[in-house]
Amino acid sequence: MSDLVLHITGARPNFPKAAPVIRALAALGVSQKLVHTGQHYDERMSEVFFRQLGLPEPDVNLEVGSGTHAKQTAAIMTGLEDLFEAERPGMLVVYGDVNSTVAAALVAAKMQIPLAHVEAGLRSFDPSMPEEVNRLVTDRLSDLLFATSPDAVAHLGNEGVAPEKIHFVGNPMIDTLLANIDRFDQDKARTELGLADRYVVATLHRPGNVDDPADAAALVKAMHAVADQAEVVLPLHPRGRGRLQAAGLFDHPALRVIDPLGYVEFLGLVRGAAAVVTDSGGVQEETTMLGVPCLTLRPNTERPVTITHGTNQLVTRERLPQIVEAVLTAGRAESWPTPPLWDGRAGERIAQVIAARLR
Ligand code: UD1
Ligand code: UDP
């Protein structure tokens, strides 16, 4: 084994998590390469993050593209096995809970390559979510588990993970947010889209919301009822586009569906929003830091710290319109607590642990 660190990324939420870790490891002089599996490939889902976050060009892109879970995971595993054979890395770093994460973890375990998981220990306790399967498997196989919140540490302990493997480091996605916060220009974002002063931002892509036509229809009905109250802008993830369009999403004059936005433009828009409606994991965390009310259209969250220490609440499609009304009436809070260690230094803490382990 060498002392080379390989970072495995592939899907949109991986990039803001990896950027601060890569930067901090570079500052320590650790030799590293960045792998892109190609799980996400549209310019707006991938390349724009590399440009905006100053990420290095990927050293390798496996270009696996889309597919069923088994096909996509298998394609990533096959590509990574060849790569690891050639590179013999001393450590792999994987991020979050996407198929690229679990695929890399499985290959690492079989090839006995030490594995570090950034964002370990999050649990929705909902086995119907593919991400929950990915989290459980990845954590089980990891040697270094970097947790973003105390509940995550507790889950890992309850599952029997040895305490010396668990490191509570804070949240690297929040490092990226804090490092870029001066670039989030809410006036520019609002004016460019010609939005009214008061508007709602939405993102929707969870299979539980968009895959089934009946769910999509119920979601569209709820979103139209929100648009009856305030202008809504929805940078739509490609996953549900067809089904949501078929269910009439685009048919409300105050609901603007646009392509996914770049990171800086998106968070500029979020920063000035009266409320955010979402089923994204990362957006629950980002709204918590920005103090923007977040209504999460899910029955559960693996990020309860955004409820106890942030601006998040879980809502059903049925109750969404009335909760939006209440949030619009109440306005934004003047102050709110933020989760412990979400201070912009998680990447540095992670890099210190990895560097010590390599030594
Ligand atoms: C994946 C993650 C999910 C994460 C989301 C972030 C898994 C199992 N799921 O879901 O946890 O929240 O990314 O965005 O890994 N597509 C495009 N262009 C792209 C990428 C995807 O058009 O660049 C379309 C394809 O039709 C594809 C579909 O989106 O089949 C789903 O993509 P996929 O990566 O399989 O899952 P996501 O829903 O994006
Ligand atoms: N995001 C973005 N443009 C958009 C929507 C989201 O840059 O149009 C960013 C968002 O700020 C966060 C990340 O994408 O940093 C979250 O990714 P996503 O919601 O796709 O995945 P999840 O967090 O649910 O896994």
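**View 1. Ser149 is buried, at 1% relative accessibility.** This close-up comes from a predicted model. The cut-off for buried is under 20% relative accessible area, so Ser149 falls within that class. Ser149 sits in the loop that runs between strand S6 (144-147) and helix H6 (150-158). Its contacts, leaving out residues up to four places away in sequence, are Leu122, Phe168 and Val305. Asn171 is 22 residues away from Ser149 in sequence. In space, the two C-alpha atoms are 7.9 Å apart.

**View 2. Asp97 is a buried loop residue.** The loop in question links strand S4 (91-95) to H4. The relative accessible area of Asp97 is 10%. With neighbours within four places in sequence set aside, Asp97 is in contact with Glu131, Asn134 and Arg135. Thr138 lies 41 residues from Asp97 along the chain. Their C-alpha atoms are separated by 8.1 Å.

**View 3. The chain is divided into two parts, domain 1 (5-171 + 342-358) and domain 2 (183-330).** Domain 1 is built from two segments, 5-171 and 342-358. The C-alpha centres of domain 1 and domain 2 are 27 Å apart. Contact between them involves 23 residues of domain 1 and 22 residues of domain 2.

**View 4. The largest nonpolar core holds 52 residues.** Phe146, Val201 and Ile354 have the most contacts inside this core. Helix H1 (residues 14-27) gives the largest share, seven residues. Domain 1 and domain 2 both contribute residues, so the core lies between them. Apart from this core lies another, of 30 residues. Ala216, Leu219, Leu320 and Val327 are among the residues of that other core. A general tendency is relevant to both sets. In soluble globular proteins, nonpolar side chains tend to be buried together.

**View 5. Val201 is one of the residues with the most contacts inside the largest nonpolar core.** Which residues does Val201 touch, not counting residues up to four places away in sequence? The partners are Val233, Pro235, Phe266, Leu269, Val270, Ala273, Ala275, Val276 and Val277.

**View 6. The largest pocket has a volume of about 1000 Å³.** Its lining counts 45 residues. Ala11, His40, Met45, His205 and His237 are the closest to the pocket centre. By class, 18 of the lining residues are nonpolar, 16 are polar and 11 are charged. Several helices supply at least two lining residues each: H1, helix H3 (69-87), helix H5 (130-141), helix H12 (263-271) and helix H13 (281-290). Where does the largest pocket lie with respect to domain 1 and domain 2? Both domains give residues to the lining, so the pocket lies between them.

**View 7. The second largest pocket has a volume of about 330 Å³.** Its lining is made of 18 residues. Nearest the centre are Gly208, Asn209, Leu297, Arg298 and Pro299. The lining has seven charged, six nonpolar and five polar residues. H5 and helix H9 (207-210) each supply at least two of these residues. H9 gives the most, with three residues. Domain 1 and domain 2 both give residues to this lining, so the second largest pocket also lies between them.

**View 8. Gln112 has a positive phi, near 55 degrees, without being a glycine.** For background, most residues other than glycine have a negative phi. Gln112 is placed in the loop between helix H4 (99-111) and strand S5 (115-120). Is Gln112 buried or exposed? Gln112 is exposed, with a relative accessible area of 67%.

**View 9. Leu341 is not a glycine, yet its phi is positive, at about 70 degrees.** The residue belongs to the loop between helix H15 (320-330) and helix H16 (346-358). Leu341 is partly exposed. Its relative accessible area is 31%.

Terms used:
Residues numbered from 1 in each chain as written. Chains lettered and ligands numbered in written order. Predicted model: local features only at pLDDT ≥ 70, side-chain atom pairs only at ≥ 80, totals over all residues. Heavy atoms only, no water. Core = buried A, V, L, I, M, F, W, Y, C linked by side-chain atoms within 4.5 Å. Buried < 20%, exposed > 50% of the residue type's maximum accessible area, 1.4 Å probe, protein only. Helix = DSSP H or I, 4+ residues; strand = E, 2+ residues; numbered from the N terminus. Domains from an automatic or database assignment. Contact = heavy atoms within 4.5 Å. 1 Å grid on protein atoms, 1.4 Å probe; cavity = no way out; pocket = protein on both sides within 12 Å on 5 of 7 lines; lining within 4 Å. Points joined across faces, edges and corners; volume = space filled by probe spheres on them. Nonpolar A, V, L, I, M, F, W, Y, C, P; charged D, E, K, R; others polar.
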